[in-house]
Amino acid sequence: MERIQITPRPDYKSQIEALGFDFHQDYWKEDAYYSFSPAEIETLEEATRTCYQMYIDAVEYVIKFDLWDELHIPRTVVPAIIRSWNEDDLSLYGRFDFAFINGVPKLLEFNADTPTSLFEASIVQWNWKEDRFPDADQFNSIHEALIQSWKDINEVYRYDRYDFACVTTSPEDYTTTSYICSTANLADLNTAMMDMEDIVHMNESFYTPGMQPINCLFALYPFEWLFNEFPEGIAEAEMIWIEPLWKAIMSNKYMLTILSKLFPTSPYIVRAYPQPFGLSYCEKPIFSREGANVSLVKNGTVVEATGGDYGEEGYIYQELIDIQPYDGMYPVIGSWVIGGEPAGIGIRETASRITDNLSYFVPHIIK
């Protein structure tokens, strides 16, 4: 893995805006790219596939040993989550965040229910590659995998309409949801989009603003927020959620401690515990987004920390991983799993050791 500096395309901002990527500001960077060997990509694919299976095993463990209180998941919604798991409700996507340490992917966390940076990874960096390195390859079949996954989903559910919702006032959420909706359209599904605030909950069901019953809803909206806002609705409504309700287990950072317990010898798993241990660790809220309320403690001293509104439910404590800097930047590899299979990567980097909402997205190629 190498970071290589390069001159940006002179008109790259207008080019990516033409793709529909209009919230880039300085988030998208073209003054560098990362280069991987085919062997490194195979390693990332294997890590993604293995970590997904380990998460599946960990979900079974949570259900078997009734660990809902540890995950701070309300008991009201537990029967619906278990039903979703037992009925094998289908998953569309998720993103593992890896640190690449001495050629080994180390799992930092799994963004299982509301992962963003999908459009950038799928469409924008492929456009960059085709312009700058048309003869090179890229670990990126995300677009094709999403279309196929929607076909697979529709083969099982066969609904007349698939609804999509997000906070439409967030440019990032709106672009991501619109893109995912477009891949469903390319799979010949009938779709409709709405704002989360416009969804109507009534008589144990959810409805569109036009009062049409929602049978299947893709919601780019954290499960913990849904559980707080609509606990009875989640428990009672007979509908399909995408992501499925059981992904609320996988998205919970307490799962990192369970993985550490179940798979202590895995090369991908970083030790994590419910309490601080030793003098060096990373403190993460059980629920958090975009690197908020994270602290890095080294030799008993906080060396970096971020603010935010998370942490009320408690924290987990993960072994401190020293990510190698490249030109003073610390990269995290987001590895996408689509329909249960590895599908591509996107890289975010920052001058700090905590990846947050100000981190840059940097494209990659396979050399």
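Reader: Which residue in the turn of the hairpin formed by β16 and β17 has a positive phi?

Author: In this predicted model, the strands β16 and β17 make a hairpin with two residues between them. They run antiparallel and are joined by nine bridges. The turn residue with a positive phi, about 60 degrees, is Gly 339.

Reader: Which residue of β17 does Val 337 stand opposite?

Author: Val 337 belongs to β16, where it is the bridge partner of Gly 94. That bridge goes with the pairing of β16 and β3 (residues 93-101), which is antiparallel over six bridges. In β17 (residues 341-350), the residue opposite Val 337 is Pro 342.

Reader: How many of the residues of strand β16 are buried?

Author: Buried means under 20% relative accessible area. On one side of β16, Tyr 330, Val 332, Gly 334, Trp 336 and Ile 338 are buried, and on the other side so are Pro 331, Ile 333, Ser 335 and Val 337. Both faces are covered, and the count for residues 330-338 is nine of nine.

Reader: Why is helix α11 described as largely enclosed by the rest of the structure?

Author: Helix α11 covers residues 255-262. Its buried residues are Met 255, Leu 256, Thr 257, Ile 258, Leu 259 and Ser 260. The helix is largely enclosed because the buried share is six of its eight residues.

Reader: How many aromatic pairs are there, and is the pair of Trp 85 and Trp 246 stacked or edge-to-face?

Author: Ring centres have to lie within 6.5 Å to pair, and planes over 60 degrees apart count as edge-to-face. The count comes to 34 aromatic pairs. For Trp 85 and Trp 246 the centres are 5.2 Å apart and the planes make an angle of 80 degrees, so by the 60 degree cut-off the pair is edge-to-face.

Reader: How many residues apart are Trp 85 and Trp 246?

Author: Trp 85 lies in helix α4 (residues 78-86), and Trp 246 in the loop between β10 and α10. Both are buried. The pair links distant parts of the chain, with a separation of 161 residues.

Reader: Which ring does the charged end of Lys 29 sit over?

Author: Two lysines can be named here. The charged end of Lys 129 sits over the ring of Trp 126, 4.7 Å from its centre. For Lys 29 the distance to the ring centre is 4.7 Å, and the ring is that of Tyr 360.

Reader: What is the radius of gyration of the protein?

Author: The protein has eleven helices and 19 strands. For 367 residues the globule rule gives 21 Å, and the value here is close to that, so the protein is as compact as a globular protein of that length. The radius of gyration is 20 Å.

Conventions: Residues numbered from 1 in each chain as written. Predicted model: local features only at pLDDT ≥ 70, side-chain atom pairs only at ≥ 80, totals over all residues. Heavy atoms only, no water. Phe/Tyr/Trp six-rings, centres within 6.5 Å; stacked < 30°, edge-to-face > 60°. Helix = DSSP H or I, 4+ residues; strand = E, 2+ residues; numbered from the N terminus. Buried < 20%, exposed > 50% of the residue type's maximum accessible area, 1.4 Å probe, protein only. Lys NZ or Arg CZ within 6 Å of the ring centre and 35° of its normal. Rg over C-alpha atoms; globule rule 2.2 N^0.38 Å. Pairing = 2+ DSSP bridges.
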